[in-house]
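User: I would like to go through this structure with short questions. Please reason briefly and finish each answer on the value or name I ask for.

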Amino acid sequence: MGYAVNEAFRSFKERKTTTFLTIGVTTASLFIIGLFLLVTVNLLEIIDIFKTRVEITAFLKDDMDKENIEKLQKEILTIGGVEEIVFISKEKAMEEFSKELQDTPELLSAIKTNPLPASFRIKLEDRFKTKEAVAKISSMIENMLGVEEVRYGEKTVERLQKIITGGVILDLILGIALGLASIFVVSNTIKLTLITRGDAIEIMKLVGAKSGFIRRPFLLEGFFYGLFGGFFASCVLFGLYKLVTIKFHGIIFPVKELVGGIVIFGCVLGYIGSAISIRKFLKM
Amino acid sequence: MIIEFKDISKVYKKDWRALNDINLEIDKGEFAFLLGPTGAGKSTLLKIIYMDERPTTGEITVLNYSSKTIKGKDIPHLRRKVGVIFQDFKLLSDRNVFDNIAFSLEVTGAAKKYIKRKVLEVLTDLRLQHRRSQYPYQISGGEQQKVAIGRALVKEPFILLADEPTGNVDPEGSEEIIDLLKDINAKGTTILMATHNLDIVKSLPFRVISMEHGEIKGDEDGLRRKRSL
Ligand SMILES: Nc1ncnc2c1ncn2[C@@H]1O[C@H](COP(=O)(O)OP(=O)(O)O)[C@@H](O)[C@H]1O
Ligand SMILES: [Mg+2]
């Protein structure tokens with residue numbers, strides 16, 4: 001192992017420019033990936049806040065008596081995904097409505113009888129706050145006896161969902177594209193190392209070195225490119241975060257997950273990059 | 001018998017027959033020359049022995065390894081028992097004499113202490129102690145070949161394959177190399193030396209396997225040659 005580490009570091013010393021460029025490219029790729037992940041994480045957090053507001057309102061027919069209302073409430077509660085249900089009576093609805101109309105009392109006085117229906121406000125469990133689930137639960141409620149109409153923030157639910165999927169897809173595409181770029185650069189650098197070490201490799205094979213022993217320094221070299229790239233990218237990202245939080249509070253930076261993720265991803269990319277070159281040029 | 005070629009042919013690039021129907025046996029402790037002009041197939045024959053090339057048809061057995069059944073992961077083990085030296089020495093230019101010899105033990109993961117003892121032993125045998133800290137470019141061709149021999153010997157191989165070992169060495173150095181190979185053989189290591197140099201072969205009472213166009217044209221016993229010398 002000591003031999004492999006020495007050999008890997010010898011490559012860095014012998015070709016400083018290449019090493020610098022390789023680490024530079026992995027750093028840049030991992031930084032961009034990290035940045036987009038960070039944006040996604042924060043977006044998800046904002047969406048989470050919005051999500052708690054997603055609720056279904058079921059308006060009731062006017063002819064419902066107290067007993068029927070209670071029966072209906074129990075029935076709705078049996079639907080999977082319903083977390084909480086609040087009854088809003090006609091009077092309560094009027095009260096809330098009046099508050100909204102406080103500034104225009106003339107409009108309020110024009111209302112003689114209470115035209116507002118009683119309703120249930122139904123809160124859902126978080127994982128049921130998708131477009132499909134909300135729509136399904138709504139239609140189930142709509143078909144129940146005594147329900148006049150069901151409303152939910154169709155548009156909000158839909159929009160939030162689009163943002164989430166869009167963000168995740170963008171992250172994935174970027175992750176794959178920049179990941180491939182890093183793999184490509186590392187594998188090219190390792191190719192250079194393999195070429196300059198050609199004689200040593202030939203001699204190693206000749207004197208009976210096992211393929212694992214021959215491969216190890218090169219795999220380690222690729223791994224180090226990813227490790228350093230991940231480390232530097234994390235540093236830059238964290239620095240940027242610190243800078244931005246001076247002005248904007250409440251930005252989330254999940255240090256362990258993000259830094260850990262970037263560094264591990266970098267190591268994996270570096271390892272794959274060198275493995276590809278070794279496979280291609282070592283032919284063993 | 002430690003090496004056996006059975007009906008071996010080697011075809012390069014679809015239709016270039018470098019070896020054609022070779023049948024050959026090498027016994028333990030033998031010293032044999034492989035004599036033939038350039039292109040006769042000597043190097044290919046040696047490569048088949050250390051399994052750098054696989055026969056296109058036929059089978060070779062080296063110790064208890066067969067080309068038909070050996071697995072990739074066993075080849076390093078075979079090579080630890082077969083020493084090879086070349087015309088161009090194949091030394092590592094960034095390592096000194098000691099480290100070049102130590103290299104073949106390092107890659108097997110041997111203990112540092114063992115490596116040091118073994119390398120010093122070999123350096124003494126080769127009378128190269130005074131060169132141990134020098135780099136290949138600082139020593140003569142003959143000495144470089146001795147280092148290569150040392151690298152092969154330190155593994156205590158049962159056979160030493162020498163591919164034109166004197167090709168890049170001046171006449172004086174050549175003589176020294178041949179004497180060294182004789183000594184090594186006298187201590188029990190089998191030697192198979194490929195050469196196109198008839199003069200070297202003529203003066204020595206060893207077995208001569210003559211090759212031409214990928215075929216064995218003659219195989220003269222060492223004892224008979226001794227009588228006629
Ligand atoms: N890797 C190879 N690919 C194609 N042809 C080869 C290869 N190695 C050797 N040959 C050919 O095989 C023949 C035998 O070569 P070689 O074994 O090197 O002969 P020698 O060592 O006796 O000079 C030659 O014609 C050579 O050109
Ligand atoms: Mg040759």
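Analyst: One cut-off comes up throughout: buried means under 20% relative accessible area, exposed over 50%, and partly exposed in between. Note also that this is a predicted model.

User: Is Glu202(A) buried, partly exposed or exposed, and at what relative accessibility?
Analyst: The limits are 20% for buried and 50% for exposed. Glu202(A) falls in between, so the class is partly exposed, at a relative accessibility of 39%.

User: Which residue forms a salt bridge with Glu202(A)?
Analyst: In this salt bridge the closest N and O atoms are 3.2 Å apart. Glu202(A) lies in helix H8 of chain A, and the partner lies in the loop between strand S6 (82–86) and helix H3 (97–106) of chain B, so the pair joins two chains. The partner is buried, with a relative accessible area of 18%. The residue is Lys90(B).

User: How many salt bridges are found over all chains?
Analyst: Side chains of opposite charge can pair when their charged atoms come close. The cut-off here is a Lys or Arg side-chain nitrogen within 4 Å of a carboxyl oxygen of Asp or Glu. A search of the whole structure gives a total of 26.

User: How many residues apart in sequence are the parts tied together by Glu14(A) and Arg197(A)?
Analyst: The two side chains meet in a salt bridge, 3.2 Å from N to O. Glu14(A) lies in helix H1 (residues 2–14) of chain A, while Arg197(A) lies in the loop between H7 and helix H8 (198–206), so the pair ties together parts whose separation in sequence is 183 residues.

User: Which of the two, Glu14(A) or Arg197(A), counts as buried?
Analyst: Buried requires under 20% relative accessible area. Glu14(A) has 45% and counts as partly exposed. The residue at 6%, which counts as buried, is Arg197(A).

User: Which residue forms a salt bridge with Glu121(B)?
Analyst: Both partners lie in helix H4 (residues 112–125) of chain B, three residues apart, about one turn of the helix. Glu121(B) is partly exposed at 37%. The partner counts as buried at 8%. With the closest N and O atoms 3.1 Å apart, the residue is Lys118(B).

User: Which helix gives the largest share of the positive patch?
Analyst: Lys131(A), Lys155(A), Arg159(A) and Lys162(A) gather in this surface patch. Lys162(A) is exposed, with a relative accessible area of 60%. The largest share is three residues, and the helix spans residues 154–196 of chain A. That helix, which holds Lys162(A), is H7.

User: What is the area of the nonpolar surface patch?
Analyst: Ile246(A) is one of its residues. That residue is found in the loop between helix H9 (211–245) and helix H10 (255–282) of chain A. Ile246(A) counts as exposed, at 65% relative accessibility. Leu240(A), Leu243(A), Val244(A), Ile246(A) and Phe248(A) make a patch of about 500 Å².

User: What distance separates the centres of the two domains of chain A?
Analyst: Domain 1 is assigned to 2–49 + 160–283, and domain 2 to 55–152. Taken over C-alpha atoms, the centres are separated by 53 Å.

User: What is phi of Lys13(B) near?
Analyst: Most residues other than glycine have a negative phi. Lys13(B) has a positive value. Lys13(B) is found in the loop between strand S1 (3–12) and strand S2 (16–26) of chain B, and is exposed, with a relative accessible area of 76%. Its phi is near 45°.

User: Where does Asp21(B) lie?
Analyst: Asp21(B) has a phi near 55°, a positive value in a residue other than glycine. Asp21(B) is partly exposed, with a relative accessible area of 48%. The element is in chain B: strand S2.

User: How far apart in space are Thr69(B) and Asp170(B)?
Analyst: Thr69(B) lies in the loop between S5 and H2 of chain B. Thr69(B) is exposed, at 58%. The two residues are 101 residues apart in sequence, and from C-alpha to C-alpha they are apart by 42 Å.

Note on methods:
Residues are numbered from 1 along each chain as its sequence is written. Chains are lettered from A and ligands numbered from 1 in the order in which they are written. This is a predicted model: local features need pLDDT of at least 70, side-chain atom pairs count only at pLDDT 80 or more; totals for chains, interfaces and linings use all residues. Side-chain values use heavy atoms; hydrogens and water are left out. Patches are made of residues with over 30% relative accessible area and no salt bridge: like charges are joined within 9 Å, nonpolar side chains (Val, Leu, Ile, Met, Phe, Trp, Tyr) within 5 Å. Accessible areas come from the Shrake-Rupley method with a 1.4 Å probe; for residues, only the protein chains shown count as cover. Lys and Arg count as positive and Asp and Glu as negative; His and the chain ends are not counted. The place of a charge is taken as NZ of Lys, CZ of Arg, CG of Asp or CD of Glu. Helices (H or I, at least four residues) and strands (E, at least two) are DSSP runs, numbered from the N terminus. Buried means under 20% relative accessible area, exposed over 50%, partly exposed in between (1.4 Å probe, protein chains only). Domain bounds come from an automatic or database domain assignment.
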